[in-house]
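Here are some short exercises to work through with the model open in your viewer. Try each task on your own, then compare your steps with the solution.

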Amino acid sequence: MKVQLLWFKRDLRIRDHRPLVEAAKRGCVLPLYVVEPSVIQAPDYDPCHWTFIRRSLEELREELARRGAPLVVRVGEAVEVLEGLLRQYPVESIWAHEETGNAITYARDRAVRRWARERGVVLDESPSNGVVRRLRSRDGWSRIWEQRMAAPVLAPPDVLRPVAIDPGPLPTHAELGLGVDRRQGAQPGGERAAHALLESFLAGRGYRYHREMSSPVTAFEACSRLSAHLAYGTISTKQVVQALRKQIAQTTDAEVRRALRAFDARLHWRCHFMQKLEDEPGIEHHNFVRALDGMREGDFRRDWFDAWREGRTGYPMVDACMRCLEETGWLNFRMRAMLMSFAAYHLWLHWREPGLHLARLFVDYEPGIHWSQCQMQSGTTGINTLRIYNPSKQLTDHDPQGVFVRRWVAELRDLPVEFLAEPWRMPSRRNGYPDPVVDHETAIRRARARLSEFRRRAEVRRECQEVAVKHGSRKGSSRRPARGRGMIPP
Ligand SMILES: Cc1cc2nc3c(=O)[nH]c(=O)nc-3n(C[C@H](O)[C@H](O)[C@H](O)COP(=O)(O)OP(=O)(O)OC[C@H]3O[C@@H](n4cnc5c(N)ncnc54)[C@H](O)[C@@H]3O)c2cc1C
């Protein structure tokens, strides 16, 4: 009997999984996960990613085995692994979800498509979420997103007809040559954990979401914490949107509805940002506005980058965030934005190296959101309002008692709270905590002047318009974005 090969990538679940449902209808199913050396050796990969994926694969294997066909795991490049399986089994079709990944998985997907064509194997790829492949125009994109989110959630098949094959072991970090996962406080993977998080969020944890998402003191509890699950597909965006909207419909409390609606908007943003990388894979490596190339490249200060990376910039909120990330692998949006903004404006570092460092720190690394956001917080998209975060003000506003900072910056535990935002004012009680790597006011003035010089250029202005048409949100405009809307004049 012909074999249906089910290729899992960033969709490590059995529920709401169209490729699984379609493959099961047609015959024997060979469920496969490929650990690709080119992916795990890339500079944006970290052992913490494998920890999350491996836990998710364990559960997926259990669930598939219960239905009759355990997950097969192979280490190797995708085309080689698929070719090997094709030699042994009469593979008729490969069923998979589309992936909006990094340059490596993009090239791999093209190679697999080419290989399947040459070998006469049908490759059926389903959309993963609201991201639209080969999108011609952003006009009407939100409508497609809504349609996709409203489609029925698919139940998993009860039984799978197996193929006689050794499933192979789930390799350990050491077997893959990955280092030790340092993020001991990171959240675990798996479909069950994803649903437990969604339930607790909708049952109360998220009721003050809009008020508590910005402070790192409250965000760990008040945010959904679903990002890594959405990134590796242990839950689908559609499952989250439908459960959320059901909850909104049942909620009478206006404040709770406000909180849940704010969360709904983020799920929309998720795909909106990912669509940018889908439409323009190059933004992982180069500026949205190419005419801004050269603006920072020649100024990279390795010593400043190291201070930022190691959490010793002398700005307690920046350092607390970095040290917290090292252990937990998660941070709320505002603090991520502040970290990136500090690297881009205060330290004038090109976003690529800091972005790679954060990609390795974030358990939830999602290339489409990540690279769009890294550029947005660095002022290179040409369409977003410039936002330069003052780390001392962020501390005063979002950690006024110093709870977060004292937890992560041990040197400052005894510093009186009124000095926490500016510890350099009290050198005697700092326990070796460093002086600021740059002066805030001076650094910001210099950054603004440099940006203005570039943004005045005619080619920059012209490209900003092009980026707005290609990538800009249509929200608030009937069809097209206003010309250069959101761009700060120099
Ligand atoms: C420099 C930078 C890099 C980032 N890199 C990533 C990344 O690699 N992976 C990632 O998932 N998020 C990234 N984000 C966006 C955001 O910070 C995280 O999605 C969020 O903190 C995850 O926590 P949560 O699941 O509790 O989010 P919630 O606040 O509960 O939001 C729910 C979901 O909505 C989506 N979402 C939330 N905020 C945004 C946003 N601003 N843009 C796009 N989607 C959003 C995410 O999928 C998130 O899981 C980045 C933000 C910045 C500033």
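The model is a predicted one, and the exercises begin with a single helix and its surroundings.

**Exercise 1. A helix and its end**

Find the residue that follows helix 3 and work out the sign of its phi.

Solution. Helix 3 is followed by Gly68. The phi of Gly68 is positive, near 115°.

Now check whether the length of helix 3 agrees with its number of residues.

Solution. Step one: helix 3 covers residues 47-66, which makes 20 residues. Step two: the expected span is 1.5 Å times one less than the number of residues, so a span of 28 Å should result for helix 3. Step three: the end C-alpha atoms of helix 3 are 29 Å apart, which agrees.

Next, list the buried residues of helix 3 and say what they pack against.

Solution. The buried residues are Cys48, His49, Thr51, Phe52, Ile53, Ser56, Leu57, Glu59, Leu60 and Leu64. Their packing partners include three strands, namely strand 1 (3-8), strand 2 (28-35) and strand 3 (72-75). Helix 7 (191-205) and helix 10 (227-232) are also packed against by the buried residues of helix 3. When you look at the spacing, keep in mind that an α-helix has 3.6 residues a turn, so residues three or four places apart point the same way.

**Exercise 2. Domains and the ligand**

Write down how the chain is divided, then describe the contact between domain 2 and domain 3.

Solution. The chain splits into domain 1 (3-126), domain 2 (191-274) and domain 3 (283-471). The centres of domain 2 and domain 3, taken over C-alpha atoms, are separated by 26 Å. Domain 2 puts 13 residues into the contact, and domain 3 puts in 18 residues. On the domain 2 side that touches domain 3, helix 10 and helix 12 each supply at least two residues. By class, this side of domain 2 has nine nonpolar, three polar and one charged residues.

Where does the ligand lie with respect to domain 2 and domain 3?

Solution. Start with the shell: 28 residues surround the ligand, and the closest are Cys223, Ser224, Ser227, Arg266 and His370. Then sort the shell by class, which gives 16 nonpolar, six polar and six charged residues. Next, look at the helices: helix 10, helix 12 (254-279), helix 15 (333-346) and helix 17 (367-376) each supply at least two residues of the shell. Helix 12 gives the most, with six residues. Finally, both domain 2 and domain 3 give residues to the shell, so the ligand lies between them.

**Exercise 3. The core and a loop residue**

Identify the residues with the most contacts inside the largest nonpolar core.

Solution. The largest nonpolar core has 126 residues, and Leu6, Cys321 and Leu339 have the most contacts inside it. Take Leu339 as a worked case: leaving aside neighbours within four places in sequence, Leu339 is in contact with Val318, Cys321, Met322 and Leu358.

Is Val409 buried or exposed?

Solution. Val409 lies in the loop between helix 19 and helix 20. With 26 C-beta neighbours inside 10 Å, Val409 counts as buried, because the cut-off is 20 or more. Not counting residues up to four places away in sequence, Val409 touches Pro316, Asp319, Ala320, Arg323 and Tyr433. Its C-alpha atom is separated by 9.3 Å from that of Cys321, 88 residues apart along the chain.

**Exercise 4. Two loop residues with positive phi**

Compare the surroundings of Asp16 and Arg134.

Solution. Asp16 has a phi near 50°, a positive value in a residue other than glycine. Asp16 sits in the loop between strand 1 and helix 1 (18-26) and is buried, with 21 other C-beta atoms within 10 Å. Arg134 is not a glycine either, and its phi is positive at about 55°. Arg134 belongs to the loop between strand 5 and helix 6 and counts as exposed, with 6 C-beta neighbours inside 10 Å.

Which residue lies 8.4 Å from Ser137, C-alpha to C-alpha, and 332 residues away in sequence?

Solution. Ser137 is placed in the loop between strand 5 (122-126) and helix 6 (141-150), and is exposed, with 11 other C-beta atoms within 10 Å. The residue sought is Val469.

Technical notes
Residues are numbered from 1 along each chain as its sequence is written. This is a predicted model: local features need pLDDT of at least 70, side-chain atom pairs count only at pLDDT 80 or more; totals for chains, interfaces and linings use all residues. Helices (H or I, at least four residues) and strands (E, at least two) are DSSP runs, numbered from the N terminus. A residue is buried if 20 or more other C-beta atoms lie within 10 Å of its own, exposed if 12 or fewer, and partly exposed in between; C-beta atoms are placed from the backbone. Two residues are in contact if their C-beta atoms, placed from the backbone, lie within 7 Å. A nonpolar core is a set of buried Ala, Val, Leu, Ile, Met, Phe, Trp, Tyr and Cys residues joined through C-beta atoms within 7 Å. A residue is near a molecule or strand if its C-beta atom, placed from the backbone, lies within 6 Å of it. Ala, Val, Leu, Ile, Met, Phe, Trp, Tyr, Cys and Pro count as nonpolar, Asp, Glu, Lys and Arg as charged, and the others, Gly among them, as polar. Domain bounds come from an automatic or database domain assignment.
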